[in-house]
Amino acid sequence: MMESLAAAGVQQLPKPELRPSEVCSAEPTPTTEATASVEKTPPEVSSAATLDILRDEIACCELCHELATTRTQTVFGVGDPQARLCFLGEAPGADEDREGEPFVGRAGQLMNRILAACNLAREDVYILNVLKCRPPENRNPTLVESQNCRHFLDRQLQLIKPEFICCLGAVAAQNLLNTTESIGRLRGRLHDYQGIHVLCTYHPAYLLRNPSAKKDAWDDMKLLMREMGTPVG
Ligand code: SF4
């Protein structure tokens with residue numbers, strides 16, 4: 001074929017356009033002593049113009065070597081890209097890592113029931129995590145990992161522009177608000193993050209282990225729905 005093209009005067013074929021996810025290397029960079037001990041420096045903020053571009057950027061990310069080499073896939077977020085309300089968790093677990101969606105499994109089912117009690121479906125809100133990759137054995141994200149992923153979270157929130165964020169659990173709340181206060185002290189009132197109203201409450205996985213905390217979580221949701229102008233209960 002090249003011979004006939006050359007005969008027709010064609011010197012070079014244009015390169016096919018690839019989506020960012022298609023140009024990711026199939027395998028993460030192999031570990032060497034240098035890559036294992038030296039963290040790469042994240043940019044200040046991602047400049048992705050759309051959520052789809054950001055999703056592809058994240059799918060290629062290897063900033064946290066351990067997570068990039070153990071994840072099944074990155075877990076970006078789901079829901080209405082123009083949602084008024086975002087739910088923020090800490091990081092994907094085993095179910096999320098396998099399915100590529102945040103808050104699935106038992107904790108996700110409880111979250112769906114909480115949403116339903118607020119007359120909401122998953123499609124009405126946006127659900128995302130501080131970290132886009134699963135930490136092995138579901139350990140908490142390290143400080144470096146949270147810092148590495150922060151510019152992705154910030155860009156995601158800039159693109160969605162929610163009016164309200166509900167932080168689920170201490171890790172998400174402390175990361176977003178840059179505080180060390182306990183979830184028990186953070187819950188029950190609104191905070192401000194760059195002009196966005198933030199409510200913190202217990203993580204659904206915690207509620208599964210501690211059913212007595214469900215009443216406080218429901219009080220938090222009622223406060224949030226009242227502030228949003230859609231009271232429940
Ligand atoms: S957790 Fe975030 S920063 Fe770390 S490798 Fe995954 S996408 Fe990149």
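Which of the 15 residues around the ligand come nearest? In this predicted model, the nearest are Cys-61, Cys-64, Cys-133, Asn-148 and Cys-149. Two elements, helix H5 (65-70) and helix H8 (143-160), each give two or more residues to the shell around the ligand. The largest share comes from H8, with four residues. Sorted by class, the shell holds 10 nonpolar residues, two polar residues and three charged residues.

With the ligand site in view, the chain as a whole can be introduced. The protein chain has 233 residues, of which 36% are buried, and its elements comprise 12 helices and six strands. Among the contacts with a separation of 6 or more, 71% link residues 24 or more positions apart.

The six strands are a helpful place to start when tracing the fold by eye. They form an open sheet in the order S1-S3-S2-S4-S6-S5, and the pairing is mixed. Strand S1 (78-79) and S5 stand at the edges with a single partner strand each, so one side of each has no neighbour in the sheet. Moving inward, strand S2 (residues 85-89) is joined to strand S3 (residues 126-129) by four bridges, and the two run parallel. Here Phe-87 has Ile-127 in S3 as its bridge partner. S2 is also joined to S4 by four bridges, again in a parallel arrangement, with Leu-85 partnered by Phe-164 in S4.

Strand S4 (residues 164-168) deserves a closer look. Four of its five residues are buried, so the rest of the structure largely encloses this strand. Towards strand S6 (residues 196-201), S4 makes five bridges, and these two strands run parallel. Within this pair, Cys-167 stands opposite Cys-200 in S6. A useful point for reading any such sheet is that side chains in a regular strand alternate between its two faces. Cys-166 offers a view of the surroundings: apart from neighbours within four places in sequence, Cys-166 is in contact with Leu-85, Phe-87, Leu-88, Leu-199, Thr-201 and Leu-224.

Two helices can now be placed against the sheet. H9 lies across S2, S4, S5 and S6, and runs at about 135° to S4. Helix H12 (residues 214-227) lies across S4, S5 and S6, where the angle to S6 is about 165°.

What, then, makes up the largest nonpolar core? This core contains 53 residues, and those with the most contacts inside it are Cys-86, Leu-88, Val-125, Val-130, Cys-166, Cys-167 and Ala-172. Helix H9 (residues 170-177) gives the most to the core, contributing five residues.

A last stop is Gly-188, which is found in the loop between helix H10 (183-186) and strand S5 (190-193). Is Gly-188 buried or partly exposed? Gly-188 counts as partly exposed because it has 13 C-beta neighbours inside 10 Å, whereas a buried residue needs 20 or more. Gly-188 also shows how sequence and space can be compared: Gly-188 and Lys-222 are 34 residues apart in sequence, and their C-alpha atoms are 10.0 Å apart in space.

Conventions: Residues numbered from 1 in each chain as written. Predicted model: local features only at pLDDT ≥ 70, side-chain atom pairs only at ≥ 80, totals over all residues. Core = buried A, V, L, I, M, F, W, Y, C linked by C-beta atoms within 7 Å. Buried ≥ 20, exposed ≤ 12 C-beta atoms within 10 Å, placed from the backbone. Contact = placed C-beta atoms within 7 Å. Near = placed C-beta within 6 Å. Nonpolar A, V, L, I, M, F, W, Y, C, P; charged D, E, K, R; others polar. Pairing = 2+ DSSP bridges. Axes fitted to C-alpha atoms, helices over the stretch in contact; angles between N-to-C directions.
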